[in-house]
Amino acid sequence: MGLFDLIQGAIQNPNQQASVDQVGSILNTVQQMSGNRGIDPATTQTVLSTVGGYVRSALQQQRETNGAGQAEAIVNQYGGTQPSNAAVQAVFGQNQLQQVVQAVAQQTNINPQLVQAILPMVVPVVLNLLKTGASTQQGAGQPGSNSVLSAFLDADRDGDVDVSDAMRVAGQFLNQPR
């Protein structure tokens, strides 16, 4: 099951945080970032996919080192649509940050300074997308209760990061008549 299938299921589940408005806000933020920075849609998808892969790896490491609750806490605290250097630091720390910047720059041909400038916008949006599976039930913050995050972290590790695909499908979903 793809990441967007899980998000769509969360939208339809009143016990999960996902909503059409939340997904629309995520997409609008990505489109504004791309437009404001002059980044074409294909390059934006590559940025999302590359950053998504590093977010997955970092959250998996957090989960293995500090337990499942730590990865969920980061997603819940830093997932949003506003730029956040704190989100970047919470996910990557200083050591991994330069590795992420270089990888994105190499994959996209965007200069590293621009990559560094957009990461505080991209990371919270990726986390917000993962936050869609969080429970709305009082006291439901049990580790593993976020179905979208759990599936993202337990992916088959085939190198295919569904973040950019999920964004593309979400755009198509939101443009369908209801």
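Helix 2 (residues 20-37) and helix 6 (residues 112-131) have axes that come within 10 Å and cross at roughly 170°. That makes helix 2 roughly antiparallel to helix 6, a label used for angles over 145 degrees. This is a predicted model, where local features need pLDDT of at least 70 and side-chain atom pairs count only at pLDDT 80 or more, while totals for chains, interfaces and linings use all residues. Residues are numbered from 1 along each chain as its sequence is written, and side-chain values use heavy atoms, with hydrogens and water left out.

**The chain overall**

- The protein chain comes to eight helices and zero strands, helices being DSSP runs of H or I with at least four residues and strands E runs of at least two, numbered from the N terminus.
- Read along the sequence, the pattern is α-α-α-α-α-α-α-α.
- Of the 178 residues in the protein chain, 49% count as buried; buried means under 20% relative accessible area, exposed means over 50%, and partly exposed is in between, with a 1.4 Å probe and protein chains only.
- Take the contacts with a separation of 6 or more: residues 24 or more positions apart account for 77% of them, with contact meaning heavy atoms within 4.5 Å.

**Helix 2 against helix 6**

- On the helix 2 side, the residues that meet helix 6 are Q22, I26, T29, V30, M33 and R37.
- Their partners in helix 6 are L114, A117, I118, M121, V122, V125, N128, L129 and K131.
- The residues of this contact divide into ten nonpolar, three polar and two charged; Ala, Val, Leu, Ile, Met, Phe, Trp, Tyr, Cys and Pro count as nonpolar, Asp, Glu, Lys and Arg as charged, and the others, Gly among them, as polar.

**Helix 3 against helix 5**

- Two packed helices are described by the angle between their axes and the distance between the axes.
- Helix 3 (residues 41-66) and helix 5 (residues 85-108) pack at an angle of about 150°, with their axes 10 Å apart; axes are lines fitted to C-alpha atoms, for helices over the stretch in contact, and angles run from 0 to 180 degrees between N-to-C directions.
- Helix 3 and helix 5 are therefore roughly antiparallel to each other.
- Helix 3 passes helix 5 in a right-handed crossing, meaning that the near helix is turned clockwise from the far one by less than a right angle.
- From helix 3, T43, T46, V47, T50, V51, Y54, V55, A58 and Q62 take part, and they meet A90, V91, F92, Q96, Q99, V100, A103, V104, Q107 and T108 in helix 5.
- By class, that contact has eleven nonpolar, eight polar and no charged residues.

**Helix 5 against helix 6**

- The axes of helix 5 and helix 6 come within 10 Å and cross at roughly 135°.
- That makes helix 5 oblique to helix 6, the term for angles that are not under 35 degrees, over 145 or from 65 to 115.
- Helix 5 passes helix 6 in a right-handed crossing.
- Helix 5 residues in the contact include N85, A87, V88, V91, F92 and L97, and those of helix 6 include P112, V115, Q116, L119, P120 and V123.
- Sorted by class, the contact of helix 5 with helix 6 has 16 nonpolar, four polar and no charged residues.

**The nonpolar core**

- In soluble globular proteins, nonpolar side chains tend to be buried together.
- The largest nonpolar core has 51 residues, of which V55, L59, F92, L119, V123, L127 and L130 touch the most other members; such a core is a set of buried Ala, Val, Leu, Ile, Met, Phe, Trp, Tyr and Cys residues joined through side-chain atoms within 4.5 Å.
- Each of these supplies at least two residues of this core: helix 1 (3-12), helix 2, helix 3, helix 4 (68-78), helix 5, helix 6, helix 7 (147-153) and helix 8 (163-174).
- Helix 6 gives the most, with eleven residues.
- Leaving aside neighbours within four places in sequence, V123 is in contact with V51, A87, V88, V91 and F92.

**Residues to look up**

- F4 sits in helix 1 and is buried, with a relative accessible area of 5%.
- The C-alpha atoms of F4 and M167 are separated by 7.8 Å, though the two are 163 residues apart along the chain.
- Q62, in helix 3, is buried, with a relative accessible area of 18%.
- Leaving aside neighbours within four places in sequence, Q62 is in contact with G67, Q70, I74 and A90.
- N109 lies in the loop between helix 5 and helix 6 and is exposed, with a relative accessible area of 74%.
- Phi of N109 is near 65°, a positive value in a residue other than glycine.
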